[in-house]
Amino acid sequence: MIESYVHYQLTENVEVLRLLDFETKYFEALWEIPEGIVYNSYIVWSGNRAVLVDTWRIGYGDKLVELLDKIGVLDKLTHIITHHVEPDHSGALIELIKARPEITILGHPLAGKLIESQYGIRVNFKPVRDGESVEIDNLHFSFYHTPWLHWPETIVSYLQNNRVLFTCDVFGSYGVYREKLLSALNSEERARYFKLTRKYFANVIGHYRGFVLKSLSKLLELVERSEYVAPAHGLVLEKSDALYIAELYEKWAKSAGSRILIVYDSMYGFIEKFINNLVKSLESSGYSVSTYAFTWNKRSLISEIIGDAIEAGVLIIGVSTYENKIFPIIDYMTKLLVHKVGCKKTIIVGAYGWSGTTAELKNTLENLGCSEVYYYEATPSRVLGVIRDVERVIR
């Protein structure tokens, strides 16, 4: 059930306890993650007593309790900080409360009721206000509300003693890593890491881009005070890397860029032939183009499309008619793109099937609030003309 875990010393009294998860293939039962994911739980010591910062994914609670007991932490735990109650971070609470029923849980004022309703357990819960400082023995924690990043009760916490900022999903990434710090990766590995961070941002937080911008100044101020930023997914960040990712967050939250993103289906090759010609023409004109296909022998990962779309300025959709309706995957993909990354300048290229109902996709986008939507029918006799039309709209 569990691939393995890693256990590291981060500072004199902060330890990283990381679950390496290759088993989850679809994060949130939606996003394809062949790269896997990790769940970071942090142990903070105060003399011979300990605070646990977040837990592991639901289903791994027994393993976490067993491990905490094995390394001599379980009977020293007095508090658990839960940054939000999604079960990939709070999922071991049932087993931990069973093992340590007297333990105190700290979280957003909404978190207590969520824990009780989600897991059916009563807990010794202490709510924390935005900006509140809490002393646990000789540890000094400050708590800050960052709503909708990406649940309503999301918070971050700052450990003043060691200048560690615990951020849960904020600044997280996909991928499985045994290294402690992002700075341990080489340049190629770092490039991959930032791409997976973008994918994670778009998939998980993308819908709440406006809330990212609202919380960004608060997060930047906290990062500036920190030596380490410790998310619940991915690697621990030193200040410089955290500041860089914060810059990326601002860019991604605005969901804009120069890239052209093309998503298309092609049952029998008609749309694909047109798209291939269009890509050649666009690239010869100097445009950066990313292409994703759903065909008889290719199927792109939806999570990768969403991740790439956050930096696209123009969306081109190639769509077939299927049973007198919009091709189902394209219909789903289009709505999901708007939901996660917002409206782009969008060009739809339809292929005639039983009827010209692919034009309905333009109405779908306009009903979702998108204003710059163009539609063309790519009949065999109009291929070059449609390519010229598309390029004129892009310019």
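User: Where is the place of alanine 29?
Analyst: This is a predicted model, in which local features need pLDDT of at least 70 and side-chain atom pairs count only at pLDDT 80 or more, while totals for chains, interfaces and linings use all residues. Residues are numbered from 1 along each chain as its sequence is written, and side-chain values use heavy atoms, with hydrogens and water left out. Strands (E, at least two residues) and helices (H or I, at least four) are DSSP runs numbered from the N terminus. The place of alanine 29 is in the loop between strand 3 and strand 4.

User: Is alanine 29 buried or exposed?
Analyst: Phi of alanine 29 is near 60°, a positive value in a residue other than glycine. Relative accessible area decides the class: under 20% is buried, over 50% exposed, and in between partly exposed (1.4 Å probe, protein chains only). At 71%, alanine 29 is therefore exposed.

User: How does glutamate 28 count in terms of accessibility?
Analyst: Glutamate 28 is found in the loop between strand 3 (26-27) and strand 4 (31-32). Its phi is positive, at about 55°, although glutamate 28 is not a glycine. With a relative accessibility of 35%, glutamate 28 counts as partly exposed.

User: Which residue in strand 6 is the bridge partner of isoleucine 43?
Analyst: Strands pair if DSSP finds at least two bridges between them. Strand 5 (residues 37-46) and strand 6 (residues 49-53) run antiparallel and are joined by five bridges. They form a hairpin with two residues between them, and glycine 47 in the turn has a positive phi of about 65°. Opposite isoleucine 43, the bridge partner in strand 6 is leucine 52.

User: Which residue in strand 7 is the bridge partner of valine 51?
Analyst: Strand 6 is mostly covered, with four of its five residues buried. Strand 6 pairs with strand 7 (residues 77-81) over four bridges, in the parallel sense. Within strand 7, the bridge partner of valine 51 is histidine 79.

User: Which strands stand at the edges of the open sheet of six strands?
Analyst: The order of this open sheet is 10-11-12-13-14-15, and the pairing is mixed. An edge strand here has a single partner strand, so one of its sides is left without a neighbour in the sheet. The strands at the edges are strand 10 (133-136) and strand 15 (237-238).

User: Which residue in strand 11 stands opposite isoleucine 136?
Analyst: Strand 10 pairs with strand 11 (residues 139-145) over four bridges. The sense of this pairing is antiparallel. Opposite isoleucine 136 in strand 11 stands leucine 139.

User: What is the omega of the peptide bond from leucine 149 to histidine 150?
Analyst: Histidine 150 is found in the loop between strand 11 and strand 12 (155-159). The peptide bond from leucine 149 to histidine 150 is cis, with omega near 5°.

User: On which residue is the kink in helix 6 centred?
Analyst: The expected span of a helix is 1.5 Å times one less than its number of residues. The 16 residues of helix 6 (residues 209-224) should therefore span 22 Å, which agrees with its end C-alpha atoms being 22 Å apart. The buried residues of helix 6 include Arg209, Val212, Ser215 and Leu216. The bend at a residue is the angle between axes fitted to the seven residues ending there and the seven starting there, and helix 6 has a kink of about 45° centred on serine 215.
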